[in-house]
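This report describes one protein chain through its charged pairs, its nonpolar cores and its helix packing. The sequence and the structure come first.

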Amino acid sequence: MMALATVKPIEAPKEKPEEFVSPPNIITTPCDPWPRPYYLEDGLRKVRPYHFTYNTYCKQRWRGRELLDIFATEFRDRPQEYYKDAIECGKVVLNGKKVSSVRQIVNNGDIISHTLHRHEPPVTARSVGVVHEDNDMIVINKPAGVPVHPAGRYNYNSIVEIMRAERGHGWNPLPCNRLDRLTSGVMFIGKHPKAAEKLTDQIMARTVKKEYMARVIGEFPEGDLICDQPVMQISPKLGLNRARASGKDARTIFKRMAYYPPKEMTNGVDSEANDARSEQEKMRDSKMAWKSKRGHSIVRCLPLTGRTHQIRVHLQFLGHPISNDPIYSNQRVFGPSLAVGDARSDEDEDIIAKLSKMGKSEVAEATEYHNDMMEEYNKKKAEKLTGEKCEVCDTPLYSDPGPHELGIYLHARRYACQDGKWDYETPLPEWALPPPGTDGPTVTTEETDPMALVDDNGQPMLNGDSSSVNSQIKHQKPLWTMPG
């Protein structure tokens, strides 16, 4: 007979339970002042200096880099010497702990904390206008010069914090679309996450049509004009973008609404009798290529893609930049031609070096600053370092911005759902109206509506037929090629 033996079943090795890994330590701001420390002065909303701690996770492009190198290359607010001292004395810490060296490597998952005495730049004292409000959403008319979210030098002087201050500390505004700090116009603020998510998805899916107004130098071409020059980010630190063949796809439709020649021109022709410029001023102007583009145009813009600074870059490329744009209409940075038709990269380093001085040792000079009608006071009053320092933290102090620096002539006038369920718009901004004593449109008309040039799928439909797009681009091609 066979003997039977009892065999114990083989047990599978037990898996160790996943251990909970605590997130890195962070530093918290010493206080959260309420009411917010606002005060109004000289048409500006100002914030009294206060202590604050920035906390930020390591971004992908920071991984494997030294801590001081990140601050020196990514942040423009203060000189490298400040950041070196802040790291060494513990104002900047990694995962809640002081580092042993400014060369400390930052890795994925790390949290950088920076505690400082914060000085916010002033913004316009204009209130946040309400275009529409219901239980889910607030549609606002954003003032120019105010950033949407706290970022960089701005915290309480942001749309989110200004609206929170008006509606209560516990209220959480949820922006659904993004406008540049210098741009004004239509913005959507969700009252709860579900509403914000729904509209954000619509915008990301490109089922929302957007129309902007711009005031540009010179006589913009009549007719329907498409620019499809790709756009590339050149310097994240300075917020500089350029037209580049290797950039991201970008397409904008432009349609001129009005052209206003300068006062010394009669029926569009220069009149020597009306030209009040001195011989010295005429000689100066002859050296500025953009000066030959007399007067200004009001242009309606329909971006079909959403690249950063897309409209501003395309208008510069076409030779008609926004006249008070401190970046793309700045001859100190781009030279007298203002980089019309320029898609080269061989001068990028020089452009970045020049632009980095603006607002520091030099005043940013857009072409609008050369306008003889601008008061001498506004030409001189501009934001730059004063040479003084804060008594509390030794931070270099800036002067107040001039009225001409609080925004640019770019306004998000209208947002409309592609299926026609909703449509919100604002009146024309003041700068888009005819100059005093001049006839011109004070409201938009169907004849100049760029939205009429797009079909239900968001595709251009010039001359009533989307097949005409290619021929239209070829017709406008000379505007987009490098001069000479």
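Arg36 and Glu161 are both buried, where buried means under 20% relative accessible area, exposed over 50% and partly exposed in between, with a 1.4 Å probe and protein chains only. Their side chains meet in a salt bridge with an N to O distance of 3.3 Å; the term stands for a side-chain nitrogen of Lys or Arg within 4 Å of a carboxyl oxygen of Asp or Glu. Arg36 lies in the segment before strand S1 (38-41) and Glu161 in helix H3 (residues 159-167), so this pair links distant parts of the chain, 125 residues apart. Helices (H or I, at least four residues) and strands (E, at least two) are DSSP runs, numbered from the N terminus.

The model is predicted: local features need pLDDT of at least 70, side-chain atom pairs count only at pLDDT 80 or more, and totals for chains, interfaces and linings use all residues. Residues are numbered from 1 along each chain as its sequence is written, and side-chain values use heavy atoms, with hydrogens and water left out.

**Salt bridges**

The structure holds 30 salt bridges. Side chains of opposite charge can pair when their charged atoms come close. Three of the pairs are listed here.

| Pair | N to O distance | Separation in sequence |
|---|---|---|
| Arg36 and Glu161 | 3.3 Å | 125 residues |
| Asp348 and Arg242 | 3.6 Å | 106 residues |
| Arg312 and Asp325 | 2.8 Å | 13 residues |

In the pair of Asp348 and Arg242, helix H8 (residues 348-357) supplies Asp348 and strand S16 (residues 240-243) supplies Arg242. Asp348 counts as buried because its relative accessibility is 10%. Arg242 is buried as well, with a relative accessible area of 1%.

Arg312 sits in helix H6 (residues 310-317), and its partner Asp325 in the loop between H6 and helix H7 (331-334). Both of these residues are buried. Beyond single pairs, a network of salt bridges links Glu211, Arg300, Arg413, Arg414, Asp423, Glu425 and Asp449.

**Helix H6**

How many residues of H6 are buried? Eight of its eight residues are, and the helix is mostly covered. They are Gln310, Ile311, Arg312, Val313, His314, Leu315, Gln316 and Phe317. Just after H6, Gly319 takes a positive phi of about 90 degrees.

**Nonpolar cores**

A nonpolar core is a set of buried Ala, Val, Leu, Ile, Met, Phe, Trp, Tyr and Cys residues joined through side-chain atoms within 4.5 Å. The largest one has 76 residues, and Phe188, Leu240, Phe254 and Tyr415 have the most contacts inside it. Strand S13 (residues 208-217) gives the most to this core, with five residues.

Not counting residues up to four places away in sequence, Phe254 touches residues including Ile311, His314 and Leu315, which belong to the buried set of H6. Others that Phe254 touches are Phe220, Gly223, Asp224, Leu225, Cys227, Val299, Arg300, Cys301 and Leu318. Contact here means heavy atoms within 4.5 Å.

Apart from the largest core lies another, of 17 residues, among them Leu67, Tyr82, Ile87 and Ile112.

**Packing of H1 and H2**

Helix H1 (residues 67-74) and helix H2 (residues 80-88) pack at an angle of about 150 degrees, with their axes 9 Å apart. Axes are lines fitted to C-alpha atoms, for helices over the stretch in contact, and angles run from 0 to 180 degrees between N-to-C directions. H1 contributes Leu67, Leu68, Phe71 and Ala72 to the contact, while H2 contributes Gln80, Tyr83, Lys84 and Ile87.

**Two buried positions**

Ile159 is found in helix H3 and counts as buried at 1% relative accessibility. Leaving aside neighbours within four places in sequence, Ile159 is in contact with Val128, Ile140, Lys142, Pro143, Val146, Pro147 and Val148. Its C-alpha lies 9.0 Å from that of Pro173, 14 residues away in sequence.

Met187, in strand S12 (residues 184-190), is buried at 0% relative accessibility. With the same neighbours left out, the contacts of Met187 include Ile138, Val139, Ile140, Lys142 and Val148. Ile140, Lys142 and Val148 thus touch both Ile159 and Met187.

**The chain as a whole**

The chain has 10 helices and 24 strands. Of its 484 residues, 49% count as buried. Among contacts between residues at least 6 apart in sequence, 69% join residues at least 24 apart.
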